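Biologist: I am new to this structure and should be grateful for a close look at a single part of it. Please describe the strands, how they are paired, and the loops that lead into or out of them.

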Amino acid sequence: MSVNVGILGGTGAVGQRFIQLLDGHPDFELVAVTASDESAGKSYREAAKWRVDSPIPDWVGDIEVRETDPQAVPDDVDLLFSSLPSGVAEVVEPQFTEAGYVISSNSSNSRMADDVPLVIPEVNGEHLDLLEVQQDERGWDGALVKNPNCSTITMVPTLAALDRFGLETVHVSTLQAVSGAGYDGVTSMEIIDNVIPHIGGEESKMETESQKLLGSFDGAEIDQHDVDVSASCNRVPTLDGHLENVWAETAEDIDTDDARDAFADAPTLDLPSAPDPLIELFENPDRPQPRLDRTLGGGMQIAVGGLQETSGGLQYNCLAHNTIRGAAGASLLNGELLVREGWV
């Protein structure tokens, strides 16, 4: 039986990725799209300046865009995906959860809230049990789940694989695509023939979100991992795909064979959007590359290469598609997990 879903903030870059990924989804049927007051009442084709690298699905173009208000969303919507700007989401998402809606959100607000699960299904799906605490404490009939930042989600599945050796310290330097800033985030005059060695707030997100994702749930709260993460984030002139250089130090001795086995053992899930394998390991030292490898596994796979031993552990490169695995695809996978675990 299909699950009726809606998108909050469906006309922007991530909202358009949601629609692309929902087209032909085996379990989800899109029945509602919301956007700003300026777009409400228009057809989706009129309201959205379509920029995704596939044609707008015909069946979506005629959908009427609704106001982002619980009263404007049909009661038969079982699950909402949110790609709202964080400032808007901070106000609006609680209104929907109080009204009984379950939300799988890509928006950055509340990711580090004590009672909000921050989830990568292959890494810490059990953190969904925190929703019981959330509903008890907030009195919500609905529920709110977050996926992490697009740069965090590229790295953390690889760290989770290596944690069997006792992760202690991680240093990461990112080369992040311009699509991560949104359509209006970086102008061509800023980024062409250039690299911008700062992305506001990105370093702290990688450092704190990683500790929450790798932590354990004790039935009442998340005990965050004590790994020390240091990040340097850079915007580079690639369109899609965040490439990251990672240095990981572990308590136990580790060599490249150990790491290969750990990456190969990274779990996958029997969910429609889950890639198999989760991590694709390249032996060639010049891979992965954004243009060649960002769409592996439909854009949901993590690509790893350049694996080397260091004095304290390992150095490697990892890559993921930032608007698929790092945004809309991550929320979609969380939504599939919510359904499987009975929250929808």
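Modeller: Helices and strands are DSSP runs numbered from the N terminus, a helix (H or I) having at least four residues and a strand (E) at least two. The model is predicted, so local features need a pLDDT of at least 70 and side-chain atom pairs count only at pLDDT 80 or more, while totals for chains, interfaces and linings use all residues. Residues are numbered from 1 along each chain as its sequence is written, and side-chain values use heavy atoms, with hydrogens and water left out.

The sheet is a convenient place to begin. Two strands are said to pair if DSSP finds at least two bridges between them. Six strands form an open sheet with parallel pairing, and their order across it is β3-β2-β1-β4-β5-β6. Its edges are held by β3 (66-67) and β6 (143-146); each of these has a single partner strand, so one side of each lacks a neighbour in the sheet. The partner of β6 can be followed in detail. Strand β5, residues 102-105, pairs with β6 in the parallel sense, and four bridges connect the two. Within this pairing, S105 is placed opposite K146 of β6.

The chain beyond β5 also deserves attention. The loop between β5 and α5 (121-124) contains S110. Although S110 is not a glycine, its phi is positive, near 70°. In general, most residues other than glycine have a negative phi, and most peptide bonds are trans. S110 has a relative accessibility of 29%, and therefore counts as partly exposed; with a 1.4 Å probe and protein chains only, buried means under 20% relative accessible area, exposed over 50%, and partly exposed in between.

A further positive phi belongs to D193, another residue that is not a glycine, at about 60°. D193 lies in the loop that connects α8 (188-191) with α9 (202-213). Its relative accessible area is 76%, which means that D193 is exposed.

Another group of strands is found later in the chain. The loop between α10 (256-264) and β12 holds P277, and the peptide bond that joins D276 to P277 is cis, with omega near 5°. Strand β12 itself covers residues 279-281, and three bridges link it in parallel to β13. Here L281 faces V304 of β13, the two residues standing opposite each other. On leaving β12, the chain enters the loop between β12 and α11 (290-293), where P288 is located. The bond from R287 to P288 is likewise a cis peptide bond, and its omega is near 5°.

Strand β13 covers residues 302-309, and because six of its eight residues are buried, β13 is largely enclosed by the rest of the structure. Besides its parallel contact with β12, β13 has an antiparallel pairing with strand β14, residues 313-320, made through five bridges. One bridge in this pairing sets A303 against L319 in β14. A hairpin of three residues carries the chain from β13 to β14.

To draw these points together, β13 is paired in parallel with β12 and in the antiparallel sense with β14. In the open sheet, by contrast, the pairing is parallel. As for the loops, those on either side of β12 contain P277 and P288, and the loop after β5 contains S110.
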